[in-house]
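Got a model on screen and a few labels that need defending? Let's go through them one by one.

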Amino acid sequence: MTATATIDEVVCLRPATSTDFDLASVVNGLLQPVYQLPGAELIHQVSGIGDVGQMIQDALDEAPDDLYATSVPDSGVDHAVWPPGASTVEAGAGNRLPVGVTLPVEGSQDIFLWDRDDVSSDDLLGSITISEAEQGQGALSKLAHSEEEKSYYYVNYHVD
């Protein structure tokens with residue numbers, strides 16, 4: 001028996017970082033000698049500027065993803081099952097994105113979330129596995145996460 005899974009929505013808890021390396025560490029490393037200079041504490045007290053590297057990292061973390069989903073482990077909007085039309089959807093922290101895509105599930109079906117990247121290959125933001133055994137269990141939610149990209153997404157779905 002083949003079940004169908006409907007992806008109801010995707011919720012962005014945290015988009016991917018905007019760089020492939022830890023920019024904050026690089027900046028902090030470069031500025032460390034400045035932090036040690038006499039008067040650096042005075043500058044900090046007067047300006048209120050704290051950890052510059054952390055400030056940069058926080059700003060980078062807020063850049064939205066160009067999100068799309070595939071049902072195969074291959075990147076590229078040409079493989080996308082959502083959104084339609086070989087496009088992407090902007091996904092920032094806190095966004096609830098309606099999906100409404102129904103897929104057949106025979107045994108299990110993986111769903112992969114990707115961030116389209118114009119500079120390098122697209123970034124895998126995480127994946128979930130939907131099981132045919134989940135049929136009839138009502139609304140379900142699984143976390144798609146990438147340690148490398150530092151991204152967190154909930155995928156809300158049901159299996160009929």
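What follows is a set of questions about why certain labels apply here.

Q: What makes this a model to read with cut-offs in mind?
A: The model is predicted, so local features need pLDDT of at least 70 and side-chain atom pairs count only at pLDDT 80 or more, while totals for chains, interfaces and linings use all residues. Residues are numbered from 1 along each chain as its sequence is written, and side-chain values use heavy atoms, with hydrogens and water left out.

Q: How many helices and strands does the protein have, and in what order do they run?
A: There are three helices and nine strands. The order from the N terminus is β-α-α-α-β-β-β-β-β-β-β-β. The labels come from DSSP runs, numbered from the N terminus: H or I of at least four residues for a helix, E of at least two for a strand.

Q: Why is E9 called buried and R96 exposed?
A: Buried means under 20% relative accessible area, exposed over 50%, and partly exposed in between (1.4 Å probe, protein chains only). E9 has 16%, so buried is the right word. R96 has 55%, so exposed fits. Across the protein, buried residues make up 38% of the 160 residues.

Q: What makes R96 and E9 a salt bridge?
A: The rule asks for a side-chain nitrogen of Lys or Arg within 4 Å of a carboxyl oxygen of Asp or Glu. The N to O distance between R96 and E9 is 2.6 Å, so the pair passes. It links distant parts of the chain, with R96 in strand β5 and E9 in strand β1, 87 residues apart. A search of the whole structure finds four salt bridges.

Q: How do you know that R116 and D118 form a salt bridge?
A: Their N to O distance is 3.9 Å, so they meet the cut-off too. R116 is partly exposed at 31%, and D118 is exposed at 70%.

Q: Which residue pairs with K150, and what is odd about the backbone of K150?
A: K150 forms a salt bridge with E147, the closest N and O atoms being 3.6 Å apart. K150 also has a positive phi of about 60° although it is not a glycine. You'll find K150 in the loop between β8 and β9. At 33% relative accessibility K150 counts as partly exposed, whereas E147, at 52%, counts as exposed.

Q: Why does D115 have no salt bridge?
A: D115 is buried, and the nearest side chain of opposite charge, R116, is 7.2 Å away, so the salt-bridge cut-off isn't met. The D115 side chain does reach the backbone nitrogen of D66 at 2.7 Å. D115 sits in strand β6. Not counting residues up to four places away in sequence, D115 touches D65, D66, Y68, D122, D123 and L125 (contact means heavy atoms within 4.5 Å).

Q: What makes a set of residues a nonpolar core, and which members of the largest one touch the most others?
A: A nonpolar core is a set of buried Ala, Val, Leu, Ile, Met, Phe, Trp, Tyr and Cys residues joined through side-chain atoms within 4.5 Å. The largest has 26 residues, and L67, L113, I130, Y153 and Y157 touch the most other members. Elements giving two or more residues include β1 (3–14), β6 (108–115) and β9 (151–159).

Q: Where is the cis peptide bond between W82 and P83?
A: The bond from W82 to P83 is cis, with omega near -10°. P83 lies in the loop between β3 (80–82) and β4 (89–91).

How values were computed. Lys, Arg positive; Asp, Glu negative; His and termini not counted. Polar contact = N/O pair within 3.5 Å; in protein donor to acceptor, adjacent residues only side chain to side chain.
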